[in-house]
Amino acid sequence: MKIAKLSCVLVLLVAVSGSFGCSERLSARAEFNHQRLAAVNAYPLEQNLITNIDNRSTVSLNGKWQVIIDPYENGYYDYRYQPTKDGYFKNAKPRDKTDLVEYDFDKSETLNVPGDWNSQQDKLLFYEGTIWYKKSFDYQRKPDRRVFVYFGAANYHSIVYLNGQKLGEHEGGFTPFNFEITKVVHEKDNFLVVKVDNKRRRDAVPTVNTDWWNYGGLTRRVELVEVPETFIRDYFIQLKKGSLKTVAGWIQLDGNQAKQAITIEIPEISVKRAFKTNTDGYVKIEFDAERFDVAHRPELVEGLQLWSPENSRLYDVTITSETDSLTDSIGFRSIETKGSKILLNGKPIFLRGICIHEQAPKSNARACSQEHAETLLGWAKEMNCNFVRLAHYPHNEYMPRTADRLGMLVWAEIPVYWTILWENEDTLKNALNQLTEMITRDKNKASVILWSMANETPVGKARSEFLRTLVKRAKSLDPTRLITAAMEKSYKGANKPVINDPFGRHVDVLGCNEYIGWYEGLPDRCDSYTWSATYDKPVIISEFGGGALSGFHADKDTRWSEEYQEYLYEEQIKMLEKIPFLAGTSPWILTDFMSPRRPLPQIQDYWNRKGLISDKGEKKKAFYVMQQFYEKLKQAEQ
């Protein structure tokens with residue numbers, strides 16, 4: 001459902017420093033506060049993030065936005081480098097011919113939103129700094145409704161203004177945020193301004209050194225969201241941990257009329273349950289969905305059909321309060337471990353996976369659309385995958401929603417990557433906030449089975465304490481899913497890799513990245529390796545692989561040739577098949593992706609060439625090696 005009448009001005013500012021998350025926080029109280037924050041009381045990050053935007057009344061602000069490139073941040077600071085009260089966010093116009101105003105959004109160039117700025121103009125390819133965005137619009141608000149402006153993501157630090165008034169700030173380039181504008185929006189001539197700053201910082205998450213392109217801008221959708229005065233802000237509706245029949249979770253209302261009667265309905269299986277929220281607008285829910293109304297509908301005696309890659313069954317679940325109603329498509333499944341096995345719906349499953357970066361197919365841009373999600377996950381399905389690792393940050397919401405529909409299991413991750421500042425309190429707060437926003441957005445998506453805390457981080461006391469704090473937060477927000485991290489191997493002898501990272505004690509599934517045959521020897525070295533693990537837990541080899549330039553053919557010993565990559569994958573598979581505790585693989589990576597770390601002329605040209613599909617969409621020879629391997633595993637499971 002879409003709200004009509006839009007033609008406002010929206011200006012967004014993304015900057016480098018400031019507070020984490022939205023500035024306007026609804027105070028969490030009593031039971032709800034305990035549910036979401038008790039695990040990490042030292043770092044309370046209250047959230048007012050609105051979930052399930054796709055099924056709410058919205059107005060899109062996507063399209064052309066006017067922009068001002070501001071490398072010196074003159075639109076924010078004066079010449080003494082102090083914040084100015086007359087910055088670009090004022091959208092000022094000369095009052096007469098004597099008035100001095102040294103900027104003009106209306107005469108400035110435009111960029112597309114959603115979209116990164118790097119791929120839209122050649123001069124911005126390597127740009128890191130501030131760009132100001134402005135959107136104008138009109139809006140007719142109903143008197144009994146509230147209005148929020150919602151950002152799918154902006155990379156990296158954003159300051160948001162409406163009609164010259166600051167709404168708040170957000171840090172983190174891959175998670176959503178919103179601000180209420182009910183008392184600020186006008187019927188005519190609104191202007192929304194956003195300062196977006198993608199400068200890398202040592203204390204940020206991620207830090208200054210990564211292996212992907214630092215795409216800046218309003219990289220995901222921007223929408224106005226209209227809701228009742230008291231509305232259903234958030235909810236958690238999944239199978240109870242350890243059960244295949246009991247649905248459990250909670251509902252959270254937002255507004256002055258907190259105490260209300262609530263119903264949850266799953267019409268396809270004739271389930272309807274009633275609850276009452278408390279004075280904080282919160283209620284826990286739990287009900288049995290195994291058997292119901294058998295006398296009238298005997299064909300449904302089995303109750304819920306469990307979601308799986310073979311049967312990606314989604315149910316329309318409707319939550320109705322006295323003031324609001326909201327529907328979501330939810331799949332129900334269980335995920336747990338037993339020894340070295342991962343169990344989906346109580347049965348062992350091998351994760352036939354692939355890693356994916358948020359690189360748009362056949363493009364130098366960041367992926368941001370439903371079409372992009374369909375293409376990327378379609379390629380994974382073609383490879384016979386049932387699992388994807390969405391590296392190294394939360395991807396746009398189209399990805400897990402499409403995975404829900406296609407039956408693709410998902411590893412979701414925050415960008416605690418390589419060597420961040422483990423002892424910096426603000427860095428920890430930042431990571432906690434990004435983790436919270438990721439889980440808040442995706443906790444009702446059946447496809448997501450793993451929350452990943454980090455990637456290739458160095459062993460150490462401060463790092464372990466940092467990551468343990470993240471684990472506590474994740475488990476407090478979602479007790480149903482598994483915790484993992486992509487760790488690195490050690491050695492207990494020549495050619496004897498061992499997975500023994502001390503952080504392994506705190507995860508449910510051990511991820512391990514290894515590049516034997518690429519960074520470590522040649523492919524034939526795989527044959528001599530014998531793997532072990534300190535922990536009796538499932539292991540996913542979360543990265544392996546090597547680079548190849550599509551179309552470059554030579555013998556199997558020639559680096560960068562498709563034949564070398566093909567040979568490496570063949571030898572890796574032989575090695576992996578001998579690991580008894582292996583529960584899944586996700587080689588690196590589905591497609592070539594842009595990276596400033598990869599400058600080799602005529603081979604890389606700022607592309608990481610480890611993809612099994614090129615930046616032009618061409619499948620390399622190693623793609624078919626994995627396709628055949630996964631087909632063999634698929635047939636064995638049947």
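**Questions on bridges, cores, a helix and a sheet**

Me: R389 and E413: buried or exposed?

Reply: Start with the cut-offs. Buried means under 20% relative accessible area, exposed means over 50%, and partly exposed lies in between (1.4 Å probe, protein chains only). R389 and E413 are both buried.

Me: What kind of model is this?

Reply: Residues are numbered from 1 along each chain as its sequence is written, and side-chain values use heavy atoms, with hydrogens and water left out. Local features need pLDDT of at least 70, side-chain atom pairs count only at pLDDT 80 or more, and totals for chains, interfaces and linings use all residues; the model is predicted.

Me: How many salt bridges does a search of the whole structure find?

Reply: Side chains of opposite charge can pair when their charged atoms come close. A salt bridge here is a side-chain nitrogen of Lys or Arg within 4 Å of a carboxyl oxygen of Asp or Glu. Searching the whole structure gives a total of 52.

Me: Which strand holds E413, the partner of R389?

Reply: R389 and E413 form a salt bridge, with their closest N and O atoms 3.0 Å apart. They link distant parts of the chain, 24 residues apart, with R389 in β23 (residues 387–390) and E413 in β24 (residues 409–413). Strands (E, at least two residues) and helices (H or I, at least four) are DSSP runs, numbered from the N terminus. E413's strand is β24.

Me: How far apart in sequence are the parts that D592 and R609 tie together?

Reply: D592 forms a salt bridge with R609, the closest N and O atoms being 3.2 Å apart. D592 is in the loop between β32 (582–585) and β33 (593–594), and R609 is in the loop between β34 (607–608) and α7 (621–637), so the pair ties together parts whose separation is 17 residues.

Me: D592: buried or exposed?

Reply: Its partner R609 has 7% relative accessibility, so R609 counts as buried. D592 has a relative accessible area of 2%, so D592 is buried.

Me: Which element gives the largest share of the largest nonpolar core?

Reply: A nonpolar core is a set of buried Ala, Val, Leu, Ile, Met, Phe, Trp, Tyr and Cys residues joined through side-chain atoms within 4.5 Å. The largest has 86 residues, and V416, L470 and W531 have the most contacts inside it. Its largest share is 7 residues, from α7.

Me: How many residues are in the second, separate core?

Reply: In soluble globular proteins, nonpolar side chains tend to be buried together. V113, L162, L167 and F179 are among the members of this second core. Its size in residues is 31.

Me: What distance separates the end C-alpha atoms of helix α4?

Reply: The expected span of a helix is 1.5 Å times one less than its number of residues. Helix α4 (residues 425–442) has 18 residues, so it should span 26 Å. The model agrees: the ends are separated by 26 Å.

Me: How many of the residues of α4 are buried?

Reply: This helix is mostly covered. Of its 18 residues, the buried ones number 15.

Me: Which strands stand at the edges of the open sheet of β19, β20 and β21?

Reply: The order of this sheet is β19-β20-β21, with antiparallel pairing. Each edge strand has a single partner, so one side is left without a neighbour in the sheet; these strands are β19 (335–338) and β21 (347–348).

Me: How many bridges join β20 to β21?

Reply: Two strands pair if DSSP finds at least two bridges between them. L344 stands opposite K347 in β21. Strand β20 (residues 341–344) runs antiparallel to β21, and the number of bridges joining them is 2.
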